[in-house]
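Here is a walk through one protein structure, taken step by step. Please keep the sequence and the model in view while reading.

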Amino acid sequence: GPSRDYTLTCEPAAGTHPAAEGACRDLAERIHPFRPVRPGISGACQARSAQHEPQVARVDGIYLDRPVHTILHQADSCELTRWHRVGRLVAALLSAP
């Protein structure tokens with residue numbers, strides 16, 4: 001689908017993000033929401049099947065006074081864990097018009 005841009009600020013929740021309050025709550029509940037996920041005990045991230053169109057979210061901004069520039073996607077089990085870590089930050093964007 002087409003690329004869309006949204007803004008989000010917290011304390012207070014505002015911006016063009018369609019679920020700003022929920023996204024801010026999700027971020028506040030996590031210590032390092034954008035940190036990469038390390039492979040599990042098996043030592044590798046498991047690839048996902050390509051049954052669905054890949055979903056990608058680019059995040060650029062400031063989080064807890066630190067710059068964030070990252071790409072979130074669902075290509076493998078490690079990245080899927082990272083995707084779910086930020087919850088409503090990306091979920092609401094995928095259903096937005």
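A residue counts as exposed when its relative accessible area is over 50%, as buried when that area is under 20%, and as partly exposed in between. By that cut-off Arg58 is exposed, because its relative accessible area is 62%. The same terms will serve for the other residues below. The model itself is predicted.

Start with the overall layout. The protein chain contains three helices and two strands. Read from the N terminus, the order of these elements is α-β-β-α-α. The protein chain has 97 residues, and 30% of them count as buried. Its accessible surface is about 7,000 Å², and carbon and sulfur atoms account for 54% of that surface. Contacts can also be sorted by distance along the sequence: of those between residues at least 6 apart, 56% join residues at least 24 apart.

Next come the charged side chains. Side chains of opposite charge can pair when their charged atoms come close. How many salt bridges does the count come to? The count comes to three.

One of them joins the side chains of Glu29 and Arg30, with 3.5 Å from N to O. Glu29 has a relative accessibility of 57%, so Glu29 counts as exposed. Arg30 has 27% and therefore counts as partly exposed.

Another salt bridge involves Arg58, the residue used above to illustrate exposure. The side chain of Arg58 meets that of Asp60, and the N to O distance is 2.5 Å. Asp60 counts as partly exposed because its relative accessibility is 42%.

A further salt bridge is formed by the side chains of Arg82 and Glu79, at 3.1 Å from N to O. Both residues belong to helix H2, which covers residues 77-85. Because Arg82 and Glu79 are three residues apart in that helix, about one helical turn separates them. Are these two residues buried or exposed? Arg82 is buried, since its relative accessibility is 5%. Glu79 is buried as well, with a relative accessible area of 15%.

The backbone is the last topic. Most residues other than glycine have a negative phi, and most peptide bonds are trans. Against that background, three places in this model can be picked out.

Where does the peptide bond from Glu11 to Pro12 stand, cis or trans? The bond is cis, and its omega is near 5°. Pro12 sits in the segment that precedes helix H1, which spans residues 20-28.

The other two places are in the loop between the strands. Leu64 is located between strand E1, residues 56-63, and strand E2, residues 66-73. Phi of Leu64 is positive, near 50°, although the residue is not glycine. Leu64 counts as exposed because its relative accessibility is 62%.

Asp65 lies in the loop between E1 and E2 too. Its phi is near 65°, again a positive value in a residue other than glycine. With a relative accessibility of 75%, Asp65 therefore counts as exposed.

To go back over the loop between E1 and E2: Leu64 has a positive phi, and so has Asp65. In helix H2, by contrast, the paired residues Arg82 and Glu79 are buried.

Methods
Residues numbered from 1 in each chain as written. Predicted model: local features only at pLDDT ≥ 70, side-chain atom pairs only at ≥ 80, totals over all residues. Heavy atoms only, no water. Helix = DSSP H or I, 4+ residues; strand = E, 2+ residues; numbered from the N terminus. Buried < 20%, exposed > 50% of the residue type's maximum accessible area, 1.4 Å probe, protein only. Contact = heavy atoms within 4.5 Å. Areas by Shrake-Rupley, 256 points an atom, 1.4 Å probe, with all protein chains shown as cover. Salt bridge = Lys/Arg side-chain N within 4 Å of Asp/Glu carboxyl O.
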